[in-house]
Amino acid sequence: MSRLIVVSNRVNPPADKGVGTAGGLAMALSAALREDKGLWFGWSGETVETYSGQMSMQVVGGVTVALLDLEEQDREEYYNGYANRTLWPLFHYRTDLVNYERSFDEGYERVNTRFAETLLPLIGPDDVIWVQDYHLIPLGRELRKRGVKNRIGFFLHIPWPARRVLNTLPRHAELVESMFAYDLIGFQTEDDSEAFNDYVMHDMGAEVFADGVVRAHGQTTRVKAFPIGIDADDFAATLKSDKAQDYRQRMLKSQVGRKMILGVDRLDYSKGLEERFAAYETLLDKYPDLQTQVFMLQIATRSRDAVDAYQDLRERLDTISGQINGAYATVEWVPLRYVNRPYRRDELAGIYASAHVGLVTPLRDGMNLVAKEYVAAQPPEDPGVLVLSEFAGAAEQMKEALIVNPMSREDVAEAIRKGLSMPLKERKARWELLMDKVQKSDVSRWRDDFVSLLKAPITPERPKVVPMASAQKIQSTVA
Ligand code: GDG
């Protein structure tokens, strides 16, 4: 029987759907595997003195998981190093924050080899293997080296950078070449797929075919955008729960008639939090009549504390939030509620539902599930307004949001103001279109679309797409 095997860096299915505080990727994957007899393989998050390659198997939240312990050196070089100090900033266009060391590269290769060796005995002849995200780009190649003939797919949850940005990574060619071990490579957006094709055509002399088939150096793969979504049914059920409704009421009460502008993010420099605070300050400065009439709630849960750039960001945000409150607060009104503790999913659903404006302004983001959760939580009779960065993958789909350039504090401030004063009729019209997309393009659809194309054979010889520098060229050739 054909089984789905999902492989990702961390394996953390939520034990209880409502209570979990797991991130976007974890929620999406557990939703995808729950109904399946699938297996989820990855790092336990624990380290041992000496790596043994031993796994522990268990069932968590209805999902069978196989966990591998790594060594402290692996954590430093592979996870805190190459994954989060090299690839993450680079793929989010923060070349200023990229830290590259040869030892990171070696640790990354070593852990990908360890993953391949440990996973190998678990793979049945008909299993379909789906590798997740930037931590494990070379895993497909390592599995192939060990004789795995199964279908293997790869999905990148973060943006794929422009060619000249990727060129700044030492040994970029080797990294990209390793991806040709996959039968299917999935990206979040058309933009990302096109950036990948641009790289392989220019730097590898690859041929790109109209149906996404890509051929280089005698190897063939297929490239396509699969925008990830939320588990819409599960979210709707969570939203209806007593806890969520109770939280919504509590939030409405604490608003005392003021309108709430909400941000919910991992505390990460890609999320544009400093720029968002600056935009909010501009709003208060430019429109004094809004002071005391609105407030902003920013939930920013701590993340990757071991990496310096994250500690620096936290310190800067503490300072900026203090400055805003110091400058504008009155004895009765605090303009910015800045919160670092995580909330339960049901609590979060209630908080989303009570917000008049959802502010999602990353500088770069693969997709951004918060944008979709905010829309899904809105009361149909009185929905709030989503303000969304043009650099979130979600903007490719969610065009009815107020789309902004997060680098412009004036643009963002104007969009917040427009959102706060938008007439009900327009809010409803925009929300209905957005909600339809959030429901249709949900996580099950993402999983089904990816896995069914992964299983489909690649049929050779399609009309060739001419090398291009931009999206339009590919599309017009296909059309
Ligand atoms: C990566 C990509 C892509 C946040 N605070 C709390 C909490 N969260 C949850 C949100 C949402 C998730 O974390 C964040 O997901 P995002 O998609 O916004 O961002 P990343 O974590 O960076 O995820 C991203 C995603 O992978 C999936 O492909 O969209 O672009 O960067 O679900 O609700 N959840 C709870 N408490 C919190 O305080 N329970």
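In this predicted model, Arg10 lies over the face of Trp43, with 5.8 Å to the ring centre. A second arginine is placed in a comparable way over a tyrosine: Arg341 sits over the face of Tyr343, at 4.1 Å from the ring centre. Tyr343 is a useful place from which to enter the structure, since its ring also takes part in an aromatic pair.

A search of the whole structure finds 21 aromatic pairs. In one of them, Tyr247 and Tyr343 meet edge-to-face, with 6.4 Å from centre to centre and 65° between the planes. Tyr247 belongs to helix H9 (residues 242-255), whereas Tyr343 is in the loop between S13 and helix H12 (345-353), so the pair ties together parts that lie 96 residues apart in sequence. Both Tyr247 and Tyr343 are buried. Another edge-to-face pair is formed by Phe277 and Tyr338, at 5.5 Å centre to centre and with 90° between the planes. Because Phe277 lies in helix H10 and Tyr338 in strand S13, this pair joins parts that are 61 residues apart in sequence. Phe277 is buried, with a relative accessible area of 0%, and Tyr338 is buried too, with a value of 17%, which is under the 20% cut-off for a buried residue. Elsewhere, Trp130, Phe155, Phe226, Trp446 and Phe450 form one aromatic cluster.

H10 and S13 lead on to helix H11, because the buried residues of H11 pack against helix H2 (72-91), helix H10 (273-286) and strand S13 (336-339). Helix H11 covers residues 308-328, and its 21 residues reach 31 Å from the first C-alpha to the last, close to the 30 Å expected at 1.5 Å a residue. Its buried residues are Ala309, Tyr310, Leu313, Leu317, Ile320, Ser321, Ile324, Asn325 and Tyr328. Seen down the helix axis, these buried residues of H11 fall within an arc of 130°, so they line one face of the helix. The general geometry helps in reading such a list: an α-helix has 3.6 residues a turn, so residues three or four places apart point the same way. On the other side of H11, Glu315, Gln323 and Gly326 are exposed.

Helix H14 (residues 409-421) can be read in the same manner. Its 13 residues should span 18 Å at 1.5 Å a residue, and its end C-alpha atoms are 18 Å apart, which agrees. Val412, Ala413, Ala415, Ile416, Gly419 and Leu420 are the buried residues of H14, and they cover an arc of only 160° around the axis, which puts them on the same side of the helix. What covers these buried residues includes H10, together with strands S11 (259-266), S12 (294-301), S14 (357-360), S15 (385-389) and S16 (402-404).

From the helices one can turn to the nonpolar interior. The largest nonpolar core has 156 residues, of which Phe115, Trp160, Val200, Ile261, Tyr280 and Leu388 touch the most other members. H2 gives the most to this core, with eight residues. Leu388 shows what such contacts look like: leaving aside residues up to four places away in sequence, Leu388 touches Val360, Ala371, Ala394, Ala395, Met398, Ala401, Leu402, Ile403 and Val404.

Contacts across the sequence can also be followed from strand S10 (residues 219-225), where Ala225 is placed. At 11% relative accessibility, Ala225 counts as buried, and its C-alpha atom is separated by 6.2 Å from that of Ser193, although the two residues are 32 residues apart along the chain. Besides Ser193, Ala225 touches Phe187, Gln188, Thr189 and Glu190, again not counting residues up to four places away in sequence.

Two points in the backbone deserve a closer look. Most residues other than glycine have a negative phi. Asp133, however, has a positive phi of about 75° although it is not a glycine, and Val256, likewise not a glycine, has a positive phi of about 35°. Asp133 is found in the loop between strand S5 (128-132) and helix H4 (139-145), while Val256 is found in the loop between H9 and S11. Their surroundings can be contrasted: Asp133 counts as buried at 4% relative accessibility, whereas Val256, at 60%, counts as exposed.

Note on methods. Residues are numbered from 1 along each chain as its sequence is written. This is a predicted model: local features need pLDDT of at least 70, side-chain atom pairs count only at pLDDT 80 or more; totals for chains, interfaces and linings use all residues. Side-chain values use heavy atoms; hydrogens and water are left out. Helices (H or I, at least four residues) and strands (E, at least two) are DSSP runs, numbered from the N terminus. The expected span of a helix is 1.5 Å times one less than its number of residues. Buried means under 20% relative accessible area, exposed over 50%, partly exposed in between (1.4 Å probe, protein chains only). The arc is that of the directions from the helix axis to the C-beta atoms. Contact means heavy atoms within 4.5 Å. Rings of Phe, Tyr and Trp (its six-membered ring) pair if their centres lie within 6.5 Å; planes under 30 degrees apart count as stacked, over 60 as edge-to-face and the rest as tilted. A charge sits over a ring if NZ of Lys or CZ of Arg is within 6 Å of the ring centre and within 35 degrees of the ring normal. A nonpolar core is a set of buried Ala, Val, Leu, Ile, Met, Phe, Trp, Tyr and Cys residues joined through side-chain atoms within 4.5 Å.
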